[in-house]
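Grab your viewer and work through the exercises below. Each one sets a task and then walks through a solution.

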Amino acid sequence: MGILTSLSLEEVRARGSIKDADVLRLRRAFNDDHTICADEAEALMALNEACPIKERSWAAFYVEALTDYVVFQAKPEGYVVADNAKWLIERISRDGHVDSHTELELLVNILDKARWSPPSLAEFAITQVKHAVVTGAGPLRSGQPLEPGAITPSEVTLLRRILYAFGGDGSVAVTRIEADALIAINRCIEPGKSPAVWTDLFVKAVGNAVLAGLGHVVPSREDALRAETALEEIDMRDGYEILQDSFGRHAEGASARDRIGGFFSRMIAGSTSAWASMRAQSPEERALSRLERQRLEIIANERIDEIEEAWLIERFGGNRPLDDNETALLAFLQHEASTLPESIRALTSKATVAA
């Protein structure tokens, strides 16, 4: 590729800015053979960090070149292994947090282009949204009002993109580590500060993970996590009272749970088309699923944990009050599952009554 000789990187770092002409020279060098070595990848990352001023053309080139290195030049081609994921996280984050839109875009693009990545890399991406929810700060909140304890529709869109990207070809259900990261986000959201699209994504993503772990044939990520158009339109209108009126449940003096109960019911009923073919796995399908998981574990050198009955009881059982999104999730499981263990059936029955 020759980026180390295509222009004086020291000169660029000294002036603290990356110009379009610099990017053009780097891109020409990259296009010569479409390869990038470890030293060149390190040089690009150092240049990105050293220059606070960058032309817009830099971000696209940076994401393309570094994605090519991590996914297609580093071995094995097409996959991200645990060591390479660790290398990436160390270089694009400070204290576990990504500081810029460009680095966040690089992270998501790598997840998208790779055939498979370690689950910890997807967890790291999802955790960036949690940081924005908890603090109200970071690249996800730049130019937006700072409101800790709330999640925005744009952040839900990013989470949906991360989940799609990590799923690769769509044959792998949402994993336990992803489900745990989504649950952690939900527990950081204050009552009344989660939009309808968050409830939709939370229920379907965690539901996909739970039902797959309990031995069901679940829809692909693309089908399972697709947002309902009505929910997207409601959030664009950005009004809680409009949400209630849209589902015909608004009544003066009604409790919050009563007023959104109709919304939960419609969301669960609306999921039927995507989940209609769901059924329990046959023994052969269960064995093939286990073999595929083992194959990916060997390639990426990272374990893929399944959700088990005890996992669900630990997170949603006990005396802790469930929030509305958790209630919707358990009601969804009861509605969609062909069979459930008795302990989980008892748990979901209480949630259905509450909703």
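**Warm-up: odd backbone spots**

Task: Find where Asp95 sits in the chain, and work out what its phi looks like.

Solution. Start with the place: Asp95 is in the loop between β3 (93–94) and β4 (97–98). Keep in mind that this is a predicted model. Next, check the backbone: phi of Asp95 is positive, about 55°, although the residue is not a glycine. For context, most residues other than glycine have a negative phi. Last step, the surface: Asp95 has a relative accessible area of 78%, and the cut-off for exposed is over 50%, so Asp95 is exposed.

Task: Do the same for Asn301: which loop holds this residue, and is Asn301 buried or exposed?

Solution. Asn301 belongs to the loop between α17 (283–300) and α18 (309–316). Its phi is near 60°, again a positive value in a residue other than glycine. With a relative accessible area of 59%, Asn301 comes out as exposed.

Task: Decide whether the peptide bond from Lys75 to Pro76 is cis or trans.

Solution. Look at omega: the value for Lys75 to Pro76 is near -5°, and the bond is cis. Most peptide bonds are trans. On the map of the chain, Pro76 falls in the loop between α5 (56–73) and α6 (82–92).

**The whole chain**

Task: Sum up the chain: how many helices and strands are there, and what share of the residues is buried?

Solution. Count the elements and you get 20 helices and 6 strands. Then go to accessibility: of the 355 residues, 48% are buried. Finally, take the contacts between residues at least 6 apart in sequence; 71% of them join residues at least 24 apart.

**Helix lengths**

Task: Test helix α4 (residues 38–50) against the expected rise of 1.5 Å a residue.

Solution. Step one: α4 has 13 residues, and these should span 18 Å. Step two: the C-alpha atoms at its ends are 18 Å apart, so the two values agree. As for which residues are tucked away, the buried ones in α4 are Glu40, Ala41, Ala43, Leu44, Met45, Leu47 and Asn48.

Task: Repeat the test on helix α9 (residues 153–166), then ask what covers its buried residues.

Solution. The 14 residues of α9 reach 20 Å from first C-alpha to last, close to the expected 20 Å. Among its buried residues are Glu155, Arg160 and Phe166. The cover over the buried residues includes α7 (101–113), α8, α10, α11 and α12 (221–224). Just after α9 comes Gly168, with a positive phi of about 60°.

**Two residues that meet**

Task: Trace the contacts of Glu42 and of Arg91.

Solution. Glu42 lies in helix α4, and Arg91 in helix α6. Leave out neighbours within four places in sequence, and Glu42 is in contact with Trp87 and Arg91. Coming from the other side, with residues up to four places away not counted, Arg91 touches Glu42, Met45 and Glu103. Now some distances: Arg91 and Met45 are 46 residues apart in sequence, yet 7.5 Å apart C-alpha to C-alpha. For Glu42 and Leu66, 24 residues apart along the chain, the C-alpha separation is 9.3 Å. Both residues of the pair are partly exposed: Glu42 at 31% relative accessible area, Arg91 at 27%.

**Helix packing**

Task: Classify how helix α8 (residues 119–135) packs against helix α10 (residues 176–186).

Solution. The axes are 9 Å apart, at an angle of about 5°. Angles under 35 degrees count as roughly parallel, so α8 and α10 are roughly parallel to each other. In the contact, residues of α8 including Ile126, Val129 and Val133 meet residues of α10 including Ile177, Leu182 and Ile185. By class, that contact holds 10 nonpolar, 1 polar and 3 charged residues.

Task: Now classify helix α11 (residues 196–213) against helix α19 (residues 324–336).

Solution. Here the axes come within 9 Å and cross at roughly 50°. That makes α11 oblique to α19. The crossing is right-handed. Contact residues include Trp198, Phe202 and Val206 of α11, and Leu329, Phe332 and Glu336 of α19. The tally for this contact is 10 nonpolar, 3 polar and 2 charged.

Conventions
Residues numbered from 1 in each chain as written. Predicted model: local features only at pLDDT ≥ 70, side-chain atom pairs only at ≥ 80, totals over all residues. Heavy atoms only, no water. Axes fitted to C-alpha atoms, helices over the stretch in contact; angles between N-to-C directions. Helix = DSSP H or I, 4+ residues; strand = E, 2+ residues; numbered from the N terminus. Parallel < 35°, antiparallel > 145°, perpendicular 65-115°, else oblique. Left-handed = near helix turned anticlockwise from the far one by under 90°. Contact = heavy atoms within 4.5 Å. Nonpolar A, V, L, I, M, F, W, Y, C, P; charged D, E, K, R; others polar. Expected span 1.5 Å × (residues − 1). Buried < 20%, exposed > 50% of the residue type's maximum accessible area, 1.4 Å probe, protein only.
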